[in-house]
Amino acid sequence: MNSMIVNSTYFGVAISIVAYWIGSRLRKKWNYPIMNPLLIAMILIITFLGITKIDYETYDKGAKYITFLLTPATVCLAVPLYKQIKILKENMIAVFVGILCGCISHVVVIIVVASAFGLEKILTLSMLPKSVTTAIALGITEEIGGIQAVTIVGVCVAGIMGAVIGPTILKIFHISEPVAQGLAIGTASHAVGTSKAVELGEIQAAMSSLAIVVTGLLTVVIVPLVVKFLF
């Protein structure tokens, strides 16, 4: 492949956009949960880089600029929350307790699973912040001495799993209340999962957006405390 094209600042951006566009087209044609555009885009990009022998650093030179859009995109999620502010006020205590329980559950599950599989301490630390947005997760990982690359993988998996199988899990456990649905998805799978909550309804989108923020704040406090007393 032409080295000038590969080394171009826009190479990573172009590849990412094309891959996601293909994923979106496939989703419209086959509307199955597994046909998540982000999941498909990741598979296509990884496959492409593997076949062409292009290293990740070269790809990331351009692709990293897409991450700049994460902040304004997340802020935009405040719009549905503002529209549902009345419901939030009516369920304030339940919302906070629900998100707090979710955050504690994240940490407990990671520690239990890591112990069961005999994972090294550094890998366990790296996975603890996996259910919050990337920016917050990386900050926590750096503070507690984890590996940021592992954290990114954990965050991606948590988000994609929430978007792909989140609605199915809600159906299995007969969770039909919109507020509970939104909180569950947002707490477990941050912004990527929230993209699915938006499809479920405006209330789900609002609660999921709120959960992203509160989960991030609580995790910043909970994870370092757990690490301090248990590791």
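Here are four short exercises on this predicted model, each with a worked solution.

Local features need pLDDT of at least 70, side-chain atom pairs count only at pLDDT 80 or more, and totals for chains, interfaces and linings use all residues. Residues are numbered from 1 along each chain as its sequence is written, and side-chain values use heavy atoms, with hydrogens and water left out.

**Exercise 1. The whole chain**

Work out how many helices and strands the chain has, and how its radius of gyration fits the globule rule.

Step 1. Helices (H or I, at least four residues) and strands (E, at least two) are DSSP runs, numbered from the N terminus. The chain has 13 helices and zero strands.

Step 2. The radius of gyration, taken over C-alpha atoms, is set against a globule rule of 2.2 Å times the number of residues to the power 0.38. For 231 residues that rule gives 17 Å and the chain has 18 Å, which is close, so the chain is as compact as a globular protein of that length.

Step 3. Along the principal axes, the C-alpha atoms fill a box of roughly 60 × 45 × 30 Å.

Step 4. Turn to burial, where buried means under 20% relative accessible area, exposed over 50%, and partly exposed in between (1.4 Å probe, protein chains only). Of the 231 residues, 40% are buried.

**Exercise 2. Helix 2 against helix 4**

Find the angle at which helix 2 and helix 4 cross, and list the residues that make the contact.

Step 1. Axes are lines fitted to C-alpha atoms, for helices over the stretch in contact, and angles run from 0 to 180 degrees between N-to-C directions. The axes of helix 2 (residues 11-29) and helix 4 (residues 56-63) cross at roughly 85° and come within 5 Å.

Step 2. Helix 2 is therefore roughly perpendicular to helix 4; angles under 35 degrees count as roughly parallel, over 145 as roughly antiparallel, 65 to 115 as roughly perpendicular and the rest as oblique.

Step 3. Contact means heavy atoms within 4.5 Å. Helix 2 brings Gly12, Val13, Ile15 and Ser16, while helix 4 brings Tyr59, Gly62 and Ala63.

**Exercise 3. Helix 11 against helix 12**

Now do likewise for helix 11 and helix 12.

Step 1. Helix 11 (residues 148-172) packs on helix 12 (residues 178-200) at an angle of about 75°, and the axes are 8 Å apart.

Step 2. This pair, too, is roughly perpendicular.

Step 3. The residues that meet include Val155, Ala158 and Gly159 in helix 11, and Gln181, Ala184 and Ile185 in helix 12.

**Exercise 4. Three residues**

Decide whether glutamine 204, threonine 124 and isoleucine 136 are buried or partly exposed.

Step 1. Glutamine 204, found in helix 13 (residues 202-230), has 8% relative accessibility and so counts as buried. Leaving aside neighbours within four places in sequence, glutamine 204 touches Pro178, Gln181, Gly182 and Ala197.

Step 2. Threonine 124 belongs to helix 9 (residues 121-127) and, at 6% relative accessibility, is buried. With neighbours within four places set aside, its contacts are Ile110, Ala114, Leu119 and Phe231.

Step 3. Isoleucine 136 sits in helix 10 (residues 134-144) and is partly exposed, with a relative accessible area of 30%. Beyond neighbours within four places in sequence, isoleucine 136 is in contact with Gly216 and Val220.
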